[in-house]
Amino acid sequence: MKRILITGATSGIGLQLAKDYAADGWQVFGCGRRTEALADIANLTAFSFDVTDKQALQTAADTIADASLDMVLLNAGTCEYQQIDQFDGDSFARVINTNLIAVGYCLQFLLPKLKPGAQLALTGSAVVHLPFSQAEAYGASKAAIHYLAQSLQRDLHSKNISVSEIQPGFVDTPLTARNQFAMPWLMTVEQASQRIRAGIANRKAVIAFPWPLLLLLKLVSWLPLRWQLKLLATQPTGEL
Ligand SMILES: NC(=O)c1ccc[n+]([C@@H]2O[C@H](COP(=O)([O-])OP(=O)(O)OC[C@H]3O[C@@H](n4cnc5c(N)ncnc54)[C@H](OP(=O)(O)O)[C@@H]3O)[C@@H](O)[C@H]2O)c1
């Protein structure tokens, strides 16, 4: 039985991945602070901890034998938007701590758990292709994940561990339910899980979807900045 550890497995994309991998016969270690949603999933062991709590993370990781996992999928994440007239440094720190600093803790304690030939996946975002309004913290954290994944690809290559960076577009989850702006090509968690699992099965370095959104983001990013700013100003909510 293959063994996968997923952070952020208690909701949204991670919960669907946990269900789908368990249904495919994997032994799943599902992590999150609120693990009730994982209670009825067969082949799943739930770990309840906050990823920003280094000690709690280490305690959970210590229960897993070294070199025993086939995959670690670091998916836990959060989003808080900034109001530029009242930039909130604490909010910025919360997002960076959860989406980036905690990933460093996860790497510290979970990389030794990977078997030779195993896989590591990091959930980034399609937002790295075009800076979004009010997404200073979220976008910065995901841009850092983009770089981190590429560095890890180089350093883990010699250990025969492949690294995938997942760049979802808009997926219908509790996280995006809070968004006040239009989300083109919004996907279901089932669709997102299918794309992610297919990409991981093929050991793709980047798993980005859906392509029409990626194309739009890239095309807009290639426009001169003054055109991008004009376009942004025409958006009804101030969001792109
Ligand atoms: N939905 C989208 O459109 C979209 C697009 C691009 C990228 N993403 C990324 O995909 C990932 C999953 O997002 P989602 O949309 O599925 O969001 P979600 O439904 O809100 O799920 C977020 C998951 O992260 C966990 N989490 C958050 N903060 C945590 C913390 N401090 N400690 C432990 N676990 C924590 C949550 O678990 P608990 O609350 O139980 O702790 C939950 O399982 C995130 O990295 C997000 O940035 C999402």
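This is a tour of the ligand site, the cavities and two backbone details of the structure in your viewer. Keep in mind that the model is predicted.

**Stop 1: the ligand and its shell**

Start by selecting the ligand and the residues around it. The shell counts 29 residues, and the closest are Thr10, Ser11, Arg33, Tyr138 and Thr173. Colour the shell by class and you will find 11 nonpolar, 14 polar and four charged residues.

Now look for oxygen atoms of the ligand that have polar partners in the protein. Begin with Arg34, where a polar side-chain atom lies 2.7 Å from a ligand oxygen. Move to Lys142 next: an N or O atom of the Lys142 side chain is 3.0 Å from an oxygen of the ligand. At Gly12, show the backbone, for here a backbone N or O atom is found 3.4 Å from a ligand oxygen. On its own the ligand has 880 Å² of accessible area, and the protein covers 95% of it.

**Stop 2: the pocket that holds the ligand**

Switch on a pocket surface if your viewer offers one. The ligand sits in the largest pocket. Try showing the secondary structure here: α1 (12–23), α4 (136–156) and α5 (174–177) are the elements that give two or more residues to the ligand shell. Of these, α5 supplies the largest share, three residues.

Then widen the selection from the shell to the pocket itself. The largest pocket has a volume of about 1000 Å³, and 45 residues line it. To find its centre, pick Asn75, Ala76, Gly77, Thr78 and Leu175, the lining residues that lie nearest to that point. Which elements each supply at least two residues of this lining? They are α1, β2 (27–32), α3, α4, α5 and α7 (211–221). By class, the pocket lining splits into 20 nonpolar, 20 polar and five charged residues.

**Stop 3: the cavities**

Next, turn to the enclosed spaces. The structure holds three cavities of 30 Å³ or more, and two of them are on this tour.

For the largest cavity, which has about 50 Å³ of space, select Leu74, Asn75, Ala76, Asn99, Val103, Leu122, Thr123, Lys142 and Ile145. Lys142 may be familiar by now from its side-chain contact with the ligand. At least two residues of this lining come from each of α3 (89–110), β5 (114–123) and α4. The lining is made up of five nonpolar, three polar and one charged residue.

For the second largest cavity, with about 40 Å³ of space, select Thr7, Val51, Leu74, Asn75, Ala76, Thr98, Ala102, Val103 and Cys106. Helix α3 gives the largest share of the lining here, four residues. How many charged residues does this lining have? There are none: the classes are six nonpolar and three polar.

**Stop 4: two backbone details**

Finish with the backbone. Zoom in on Phe209 and Pro210, which are joined by a cis peptide bond with omega of about -10 degrees. Pro210 belongs to the loop between β7 (206–209) and α7.

Your last selection is Asn160, in the loop between α4 and β6 (162–168). Check its phi angle: Asn160 has a positive value of about 60 degrees, although this residue is not a glycine.

Terms used: Residues are numbered from 1 along each chain as its sequence is written. This is a predicted model: local features need pLDDT of at least 70, side-chain atom pairs count only at pLDDT 80 or more; totals for chains, interfaces and linings use all residues. Side-chain values use heavy atoms; hydrogens and water are left out. A residue is near a molecule or strand if one of its heavy atoms lies within 4 Å of it. A polar contact is a pair of N or O atoms within 3.5 Å; within protein, one must be able to donate a hydrogen and the other to accept it, and residues adjacent in sequence count only if both atoms are side-chain atoms. Accessible areas come from the Shrake-Rupley method with a 1.4 Å probe; for residues, only the protein chains shown count as cover. On a 1 Å grid over the protein atoms alone, a cavity is a set of points where a 1.4 Å probe fits but cannot get out, and a pocket is an open set with protein on both sides within 12 Å along at least five of seven lines; lining residues have an atom within 4 Å of a point. A molecule sits in a cavity or pocket if more than half of its atoms lie within 2 Å of its grid points. Ala, Val, Leu, Ile, Met, Phe, Trp, Tyr, Cys and Pro count as nonpolar, Asp, Glu, Lys and Arg as charged, and the others, Gly among them, as polar. Grid points are joined across faces, edges and corners, and a volume is the space filled by probe spheres set on the points.
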